[in-house]
Amino acid sequence: MPPLSSSSSSGALVPHKNSLAGGSRVATQRRIRHLLDYVAKYVVGAGGLATIVSILGIFVYLVWEVIPLFQPATVTPELKVPMPVKAIQSSNVAQAMVGIDEYREVPFVLKGKYLQFLSLPDGAAIPDVGGELSIDGDPKSVVRMGLKGHSLSIGTDQGFVYPVNILFRSDFQGDRRTIIPNVKVKEPVRVVPDGMGIVLHAHVMRSDEFQTVVALTGGGELWVTRIEEPGDFSFSDEVVVETNRLVLPPKFHLTTLALDSAGKRLVAGTRDGHLLTWEWRGQGFDAMPQSVPVGAAGDAVTVLSYLLGERTLVVGTTSGSVSTWAFSADQSGPSGRFLRKVHTFTPHARAVTSLSVSQRDKGFLTADNQGTMFLHYSTTGETILDIPGNGNALESLRYAPKADGLVWLGEDGTLQTYAIDNPHPEITFKSLFFPVTYEGYDHPEMIWQSSSGSDEFEPKLGLIPLMFGTLKGTLYAMVLAIPLAVMGAIYTAMFMHPHLRSVVKPSLELMAALPSVVLGFLAGLWFAPLLEKIFPAVVAIVGFLPVVIAACCLIWQFLPIRVRRLEVYGLDLMVMMIAIVLTVVACLMANQAIEGWIFGGNFKQWLAQNLGLTYDQRNAIVISFAMGFAVIPIIFSIAEDAIANVPRQLVAGSLALGATRWQTLTRLVLISASPGIFSALMIGFGRAIGETMIVLMATGNTPIMDWSMFNGFRTLSANIAVEMPEAPHGGTLYRVLFLSGLILFGFTFTINTIAEIVRQRLRQKYSQF
């Protein structure tokens, strides 16, 4: 026994210095652990809070970018200036004409022969430009030629029509821009043979080697002049001029005309509320026009114009009604009425007297004889703006070339300009999520087509086909992924030997590390063409493989016990894999024979003739395999962990009471693991919804609404990836893509929320197990 320390005179025991040092180290380590736990607590909490703040920040940013889509249009009065007396009273003309350049800096007024330009914002007259035009006779009408530019046609009392071009040139001196106008009066065209008719309405259109002039005279006669000019490859320099009078149906009195830019389709409005249409048939217009009633009898057509693209007509009447009419694809409809009404807009309280269409989109302005103006949009069928008048009628109205303003001239000679803020007129809740009647379509449809090769294109921004494609791709992927992943998780956790489980589980989890772009590349460029070649064999594999697997399982049960004990070493899996491989190889080798036996030698033709289905190479089947391959590891790993974490004593107790493994699985394990399995399915579902690269590379990106597994689709995420590089910043397409992202955000948030709620309820319900 070691002696006591001599340092204590009272005989008390004194701890050894090594014991004191050890206790100090333990205390120090305990304090360090507490400090680290304290720091880790707040670090983890800060990380979780930062994650929540980041998600909220993303949500707020998406909403911020989407809000402008649904903000109402606004109009702001700008310059109001009286025009010079000479410009107003130069001639006794029924109606003047106003216009403005694309920067809304130089408006002009044409009244009779006198053309006046103004400079904004002060409204001062621009000298040395315009003035009295070189026109013989007394002008009786002025009409715009075409929808773009500032080309006018002036009809006189002597039967001539003068084409007038007003051009604007930008001149920069340093940072200052100056708009310089220029006027060109072209050679007149005689539209009435004797030259003595009064032209009340005239359209001049030029296309390639032809120039067409349609004129309505004061006597109610309609004349067509066709001027054929020699082309670059013509053998003659002769200019051929041909003038013909169109025969009008009895009791029809024309009020206004509209001629397309090709000079091949003429539409006229009548005093009794009809539209008359003529088509150019090789050598001339139809002998007799087709007639379509616009409204009630006696409701005269007062204004008429094509919209941008010349596939839709805008019609205004004396009752104040405003409507758009489209040319049907089937021009042999009942009673020959191939013009059909598309939209009816907010009516005016008085007769519609002025109309101006946009040069940028499908919008247009109308005004009545009290000066009240409405801004409409043809695609949506909505009246966007109501601009109150001052009680005076307008002589002329013009929509600015960039659709960002307007200018009008009142009967009292006052010129007024407005600024319009309407950057997204084509977007409404209805146009995004409900069928819309687009130009060239006879029925409302939901379509996504954001761009085209023409500036006259009507954007089709329906999101339903993209949402449908997202749902379709997700469902087809889950159809393959759920059975394989869940059944694999059950087998691995409940029936597989631990040694094999330690190899199989990490191997499957390693599949999740494969980049989706690689899967998409392989699916689009390798698997899709391969599937097209071996499709009959794949059908046979789907039919025979379950039978082969069931037969192998049944045969295994009748083998001797000493053989079945070898399952510890994976013999059962080896036998099953050999059977599966032999079945697949046999079906692939018999591919042509199967195609001849089941599909009559050509499976594509068989699908088209018997089922009415078209086989596209990149279709939903390819996505089912490729995206399912990406989702399986996620579902498998979470579901396997949930099953494996069921307390072993519960499983052992069930088996000890005489239950079989399947009874234990179905009545105990699956019930206890159901919250985890459900979470695995929802996480896999969310992963499939947000997948981008696989669907981008392997679906064909066709935004169609069809559940067929043999054609493609387009998802919201793939659409964002395809369209965003070409979307102008702040434009309509740009913000609609952000709306797509917001919808995806809502999808995943909703799915995760539902998954967590269901998981918690299942956990509470089966917690007693």
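Two strands count as paired if DSSP finds at least two bridges between them. The exercises below apply to a predicted model.

**Exercise 1. Pairing around strand 9**

Task: Find how strand 8 and strand 9 pair, and over how many bridges. Then find which other strands pair with strand 9.

Solution.
1. Strand 8 covers residues 151-156 and strand 9 covers residues 160-173; they pair in the antiparallel sense over 5 bridges.
2. Within this pairing, S153 is opposite P163 of strand 9.
3. Strand 8 and strand 9 make a hairpin with 3 residues between them, and G159 in the turn has a positive phi of about 85°.
4. Strand 10 (residues 176-185) pairs with strand 9 in the antiparallel sense over 10 bridges. There, F168 has P181 of strand 10 as its bridge partner.
5. Strand 9 and strand 10 also form a hairpin, with 2 residues between the strands, and G174 has a positive phi near 70°.
6. Strand 11 (residues 189-190) pairs with strand 9 over 2 bridges, again antiparallel. The bridge partner of F160 in strand 11 is R190.

**Exercise 2. Two open sheets**

Task: For the open sheet with the order 16-17-18-19, state which strands stand at the edges. Do the same for the open sheet with the order 20-21-22-23.

Solution.
1. Strands of a sheet pair through backbone hydrogen bonds, either parallel or antiparallel.
2. One open sheet has 4 strands in the order 16-17-18-19, with antiparallel pairing.
3. Its edges are strand 16 (254-259) and strand 19 (290-293); each has a single partner strand, so one side of each is without a neighbour in the sheet.
4. From one strand to the next, the twist of the sheet 16-17-18-19 averages 20°.
5. Strand 18 (residues 274-279) pairs with strand 19 over 4 bridges in the antiparallel sense. T277 has Q290 of strand 19 as its bridge partner.
6. Another open sheet of 4 strands runs in the order 20-21-22-23, also with antiparallel pairing.
7. Here strand 20 (301-306) and strand 23 (339-344) are at the edges; each has a single partner strand, so one side of each lacks a neighbour in the sheet.
8. The twist in the sheet 20-21-22-23 averages 30° from one strand to the next.
9. Strand 22 (residues 322-327) and strand 23 are joined by 5 bridges in the antiparallel sense. F327 has L339 of strand 23 as its bridge partner.

**Exercise 3. Backbone exceptions**

Task: Locate the cis peptide bond that joins L120 and P121, and the positive phi of E310.

Solution.
1. Most residues other than glycine have a negative phi, and most peptide bonds are trans.
2. The bond between L120 and P121 is cis, with omega about 15°. P121 is in the loop between strand 4 (114-119) and strand 5 (124-125).
3. E310 is not a glycine, yet its phi is positive, about 55°. This residue is in the loop between strand 20 and strand 21 (312-317).

**Exercise 4. Packing of helix 11**

Task: Describe how helix 11 packs with helix 13 and with helix 4.

Solution.
1. Helix 11 (residues 620-644) and helix 13 (residues 661-689) pack at about 155°, and their axes are 8 Å apart.
2. An angle over 145 degrees counts as roughly antiparallel, and helix 11 and helix 13 are therefore roughly antiparallel to each other.
3. The crossing of these two helices is right-handed.
4. Helix 11 contributes residues including M627, I634 and I643 to the contact, and helix 13 contributes residues including V669, G676 and R687.
5. The residues in the contact of helix 11 with helix 13 comprise 16 nonpolar, 2 polar and 1 charged.
6. Helix 4 (residues 464-494) packs with helix 11 at an angle of about 35°, and the axes are 6 Å apart. The crossing of helix 4 and helix 11 is right-handed.
7. In the contact of helix 4 with helix 11, 23 residues are nonpolar, 5 are polar and 2 are charged.

**Exercise 5. Disulfides**

Task: Count the disulfides, and explain why C553 is too far from C552 for a bond.

Solution.
1. A disulfide is a covalent bond between the sulfur atoms of two cysteines.
2. The cut-off is a pair of cysteine sulfur atoms within 2.5 Å. The count by this rule is 0 disulfides.
3. C552 is in no disulfide, and its nearest cysteine sulfur is that of C553, 6.9 Å away.
4. Seen from C553, the closest cysteine sulfur is in C552, and 6.9 Å is too far for a bond.

Conventions
Residues are numbered from 1 along each chain as its sequence is written. This is a predicted model: local features need pLDDT of at least 70, side-chain atom pairs count only at pLDDT 80 or more; totals for chains, interfaces and linings use all residues. Side-chain values use heavy atoms; hydrogens and water are left out. Axes are lines fitted to C-alpha atoms, for helices over the stretch in contact, and angles run from 0 to 180 degrees between N-to-C directions. Angles under 35 degrees count as roughly parallel, over 145 as roughly antiparallel, 65 to 115 as roughly perpendicular and the rest as oblique. A crossing is left-handed if the near helix is turned anticlockwise from the far one by less than a right angle, and right-handed if clockwise. Contact means heavy atoms within 4.5 Å. Ala, Val, Leu, Ile, Met, Phe, Trp, Tyr, Cys and Pro count as nonpolar, Asp, Glu, Lys and Arg as charged, and the others, Gly among them, as polar.
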